[in-house]
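Work through the exercises below with the sequence and the three-dimensional model side by side. Try each task before you read its solution.

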Amino acid sequence: MRGDTMAARERILFGDNAVEMENMEEEDFAVSNSSGADATFDTVVGYIEDIMMGDEFQQLQRNFMEKHYLEFEDSEENKLSYTPIFNEHIDLLEKYIEQQLIERMPGFSMTAFTTSLQQHKDEIAGDIFDMLLTFTDFLAFKEMFLDYRAEKEGRGFDLSGGLVVRSLTTSSSASLTVNNCLSFQ
């Protein structure tokens, strides 16, 4: 009877993951071999992306940057005043993200996630990883402020000097095309 039914269900076990597949003649199915820990990590990263793109987080970050950006200077030497700003940044934004994650995933542990983050750092989108890095890496934090200050002062990247706009047609061939079009009317 099993051979007669084209859509017979089979139960296949892969470690901790149970996947149900339909046995179809001409279709291929992809089977995930990710562990429960990988799935949890992916869920957390997805939530972090949602949180960081949210209006409340964006406003918190913008207000914080606006309040402190003038303090930062592009020099090798770091001022003592940077340390309390760094600590305030961690207290404000990291704790906000952690609070949001706990609301979405009761039992969430930032310590466990941070450990997992080191193992998966190549799998995270650049913007998300860079933001998370500002919570633990002072130089990344300082660079974020220097970039913000440069942008505020109009010293951001100006790529317009490298751009050249040219017509794809010459003026004589363009007029010829127009004249040809007119003669067919």
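**Exercise 1: Salt bridges**

The side chains of E153 and R149 form a salt bridge, with 2.8 Å from N to O, where a salt bridge is a side-chain nitrogen of Lys or Arg within 4 Å of a carboxyl oxygen of Asp or Glu. This is a predicted model, in which local features need pLDDT of at least 70 and side-chain atom pairs count only at pLDDT 80 or more, while totals for chains, interfaces and linings use all residues. Residues are numbered from 1 along each chain as its sequence is written, and side-chain values use heavy atoms, with hydrogens and water left out.

Task: Decide whether E153 and R149 are buried, partly exposed or exposed, and then find which residues are linked in a network of salt bridges.

Solution. Step one is to fix the terms: buried means under 20% relative accessible area, exposed means over 50%, and partly exposed lies in between (1.4 Å probe, protein chains only). Step two is to apply them: R149 has a relative accessible area of 18% and is therefore buried, whereas E153, with 38%, is partly exposed. Step three is to recall a general point, namely that side chains of opposite charge can pair when their charged atoms come close. Step four is to look at K79, whose side chain meets that of E71 in a salt bridge of 3.8 Å, N to O, and also meets that of E73 in a salt bridge of 3.1 Å, N to O. E71, E73 and K79 are in this way linked in a network. The relative accessibility of K79 is 31%, so K79 counts as partly exposed; E71, at 28%, is partly exposed, and E73, at 39%, is partly exposed as well. Over the whole structure, the search finds five salt bridges.

**Exercise 2: Helices and their buried sides**

Task: Describe the order of strands and helices along the sequence, and then work out where the buried residues of helix 1 lie around its axis.

Solution. Step one is to count the elements: the protein has seven helices and two strands, where helices (H or I, at least four residues) and strands (E, at least two) are DSSP runs, numbered from the N terminus. Along the sequence they follow the pattern β-β-α-α-α-α-α-α-α. Step two is to check the length of helix 1 (residues 36-53), whose 18 residues should span 26 Å at 1.5 Å a residue, and whose end C-alpha atoms are indeed 26 Å apart; the expected span is 1.5 Å times one less than the number of residues. Step three is to list the buried residues of helix 1, which are F41, V44, V45, I48, I51 and M52. They cover an arc of only 120 degrees around the axis, so they sit on the same side of helix 1, the arc being that of the directions from the helix axis to the C-beta atoms. Step four is the general background: an α-helix has 3.6 residues a turn, so residues three or four places apart point the same way.

Step five repeats the check for helix 2 (residues 55-68), which has 14 residues and reaches 20 Å from its first C-alpha to its last, close to the 20 Å expected. Its buried residues are F57, Q61, F64, M65 and H68. They cover an arc of only 95 degrees around the axis, which puts them on the same side of helix 2. The face of helix 2 turned away from this buried side carries the exposed residues D55, E56 and K67.

**Exercise 3: Positions apart in sequence**

Task: For E98 and M110, find how far their C-alpha atoms are separated, and do likewise for E143 and F72.

Solution. Step one concerns E98, which has its place in helix 3 and, at 23% relative accessibility, counts as partly exposed. The C-alpha atoms of E98 and M110 are separated by 6.6 Å, although these residues are twelve residues apart along the chain. Step two concerns E143, which is found in helix 6 (residues 138-152) and is partly exposed at 43% relative accessibility. E143 and F72 are 71 residues apart in sequence, and their C-alpha atoms are 9.2 Å apart in space.
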